[in-house]
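Here are some friendly notes to read alongside the structure. Keep the 3D view open and turn it as you go through the points.

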Amino acid sequence: MGYEDKLASLGVTLPNAPAPAANYVPFVKIGNTVYVSGQISNDENGLITGKLGDDMEVDAGAAAAKRCAINLLAQVKAACGGDLDQLLRVIKLTGFVNSTADFTAQPQVINGASDFLVEALGDAGRHSRSAVSAAALPLGVAVEIEGIFEVK
């Protein structure tokens, strides 16, 4: 089963790769490595905003992180000419969580992305990772995640 078939079995359809919001490119491919710019938490209803430790709970933050992971995969698919099965491995994620100064569950929030990638991609979804707090994120989004991927 290909990755998109697996995603479909999970009820996930990849969106078109989001366009950059400023003067940068959504990804850079060097050899077999794809560096994907930070993907913000959004879905078909728009931006997923909030501040963890204030007006958003960990479960909602994890759901926002999952949406970032879906957007990351959309960018990888675009980098691979529309063929997500060119993806070999998720190498590293760096997750930023819009949170209060006393909020310390950033890893649990970013688990929303990590758990989804392993569920969708199996061992190819296992990765190294950082999960850090941010006082604010662009447009007030709850989560932003960037990624590094190995492709064929």
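In which sense do E5 and E6 pair, and over how many bridges? Keep that question in mind while you look at the model, which is a predicted one.

1. Let's begin with the answer. E5 and E6 are paired in the parallel sense, and seven bridges link them. To find the pair on screen, look for Val97, which stands opposite Ser133 in E6. Between these two strands the chain passes through H3, going from E5 to H3 to E6, and this β-α-β crossover is right-handed.

2. Now step back to the whole sheet. Five strands make up an open sheet, and their order is E1-E2-E7-E5-E6, with mixed pairing. Strand E1 (27-30) and strand E6 (128-134) are at the edges; each has a single partner strand, so one side of each has no neighbour in the sheet. From one strand to the next, the twist averages 15°.

3. The E1 edge is a good place to practise tracing strands. E1 pairs with E2 in the antiparallel sense, over four bridges. The two strands form a hairpin with two residues between them, and Gly31 in the turn has a positive phi of about 60°. Two positions help you line the strands up: Lys29 stands opposite Val34 in E2, and Val28 has Tyr35 of E2 as its bridge partner.

4. Moving inward, follow E2 to its other partner. Strand E2 (residues 33-40) and strand E7 (residues 143-151) run antiparallel and are joined by six bridges. Val34 turns up again here, since it stands opposite Phe149 in E7. Further along, Gln39 has Ile145 of E7 as its bridge partner.

5. Next, add the helices to the picture. H2 packs on the sheet and touches E1, E2, strand E5 (87-98) and E7, with its direction at about 35° to that of E7. H3 lies across E5, E6 and E7, and runs at about 160° to E5.

6. How do the two helices meet each other? Helix H2 (residues 58-79) and helix H3 (residues 106-121) pack at an angle of about 45°, and their axes are 7 Å apart. Because of that angle, H2 is oblique to H3. The crossing of the two is right-handed.

7. Finally, look at the residues that make this helix contact. On the H2 side they include Gly61, Ala65 and Leu73, and on the H3 side they include Gly112, Ala113 and Phe116. Sorted by class, the contact of H2 with H3 has twelve nonpolar, three polar and one charged residues. Lys66 is among the H2 residues in the contact, so try finding it on screen.

Note on methods:
Residues numbered from 1 in each chain as written. Predicted model: local features only at pLDDT ≥ 70, side-chain atom pairs only at ≥ 80, totals over all residues. Heavy atoms only, no water. Axes fitted to C-alpha atoms, helices over the stretch in contact; angles between N-to-C directions. Parallel < 35°, antiparallel > 145°, perpendicular 65-115°, else oblique. Left-handed = near helix turned anticlockwise from the far one by under 90°. Contact = heavy atoms within 4.5 Å. Nonpolar A, V, L, I, M, F, W, Y, C, P; charged D, E, K, R; others polar. Pairing = 2+ DSSP bridges. Right-handed = clockwise from strand over helix to strand, strands pointing away.
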